[in-house]
Amino acid sequence: MKTVHLPTLKTARGQPSRTQPLRRRAGALAAVALQGLLVAGALWWSASSHAADLTPLEQRWVDGMSPVIREARSSGLPLDVAVRPQASPDDSPVALGFVKGRCKLVLSLRGNPEGQAVLDRMPQGLEQPALELMAAHELGHCRRYLDGAWFGLPAGFSPGQMPDGLSPELQEAYRSMKSTRREEGYGDLVALAWIRQQHGERYAQLHAWLVSERRRDYVPGDHHDTLAWLQLARDPAALGQGSIFEAARPIWERALQSDE
Ligand SMILES: [Zn+2]
């Protein structure tokens, strides 16, 4: 999602675990400290219990994302859900963090109009699968972190040509932008793979909604320009077989071939 963007946690396997910032978009560090979060465990996901201190909007998001969370946990992904209790007007409603070897799905909905606005933009009647799509996107980031592959290219790929004349600082920004976009593309494909598996009859509508979200405030080639991947995934048959992570890979690599 444009605003359900990616965290730029630089931690991958093997790096010291510490609190990491989340970033709404490049150049706008939100300085979110995970230490200040309410971190919820499996209790949230049991059928009969709900966290007493969630707002109705948070409960809506938690309920909507729960099928993905349950599936992730049952497949062994170390995934926690966290809620920012303080107002977060400029943050993504949902993002992923990575702390001490575990993925943190972070909801930033208090004092954040985007939390309701995203719901309002979803296709009517498809809010539930759309929330699942958003959670599955973050799972794609989680998998890449856990694999120690964050910002990395698959085997056989090498970074494309750097534009001429960039200062060292701009070169670093360019590399970061391309790496981020690559991860966003992977996350979107994992999300669509989930939709194909779980809500195949609604794939076309949810794909179209995802494209429309990515076109909001569209800047070609920026961090969230995943349209090259989304175009290749218009036909769900183009996705691969296996897990949602495996299914994302053929299209992801196809678009990378022209991007790198
Ligand atoms: Zn993302």
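Buried means under 20% relative accessible area, exposed over 50%, and partly exposed in between (1.4 Å probe, protein chains only). The views below come from a predicted model, in which local features need pLDDT of at least 70, side-chain atom pairs count only at pLDDT 80 or more, and totals for chains, interfaces and linings use all residues. Residues are numbered from 1 along each chain as its sequence is written, and side-chain values use heavy atoms, leaving out hydrogens and water.

**View 1. Meet the stacked rings of F98 and Y145.** Searching the whole structure turns up 4 aromatic pairs (rings of Phe, Tyr and Trp, the last by its six-membered ring, with centres within 6.5 Å; planes under 30 degrees apart are stacked, over 60 edge-to-face, the rest tilted). F98 and Y145 count as stacked because their ring centres are 5.1 Å apart and their planes meet at 15°. F98 belongs to strand β3 (residues 94-99) and Y145 to helix α3 (residues 127-146), so this pair ties together parts 47 residues apart in sequence. Helices (H or I, at least four residues) and strands (E, at least two) are DSSP runs, numbered from the N terminus. F98 is buried, at 5% relative accessible area, and Y145 is buried too, at 0%.

**View 2. Here Y186 and W252 meet edge-to-face.** Their centres are 5.2 Å apart, with 65° between the planes. The pair links helix α4 (residues 168-198), home of Y186, with helix α7 (residues 244-259), home of W252, 66 residues apart. Both Y186 and W252 are buried.

**View 3. Look for a cluster of rings.** Ring pairs join F98, Y145, W150 and F151.
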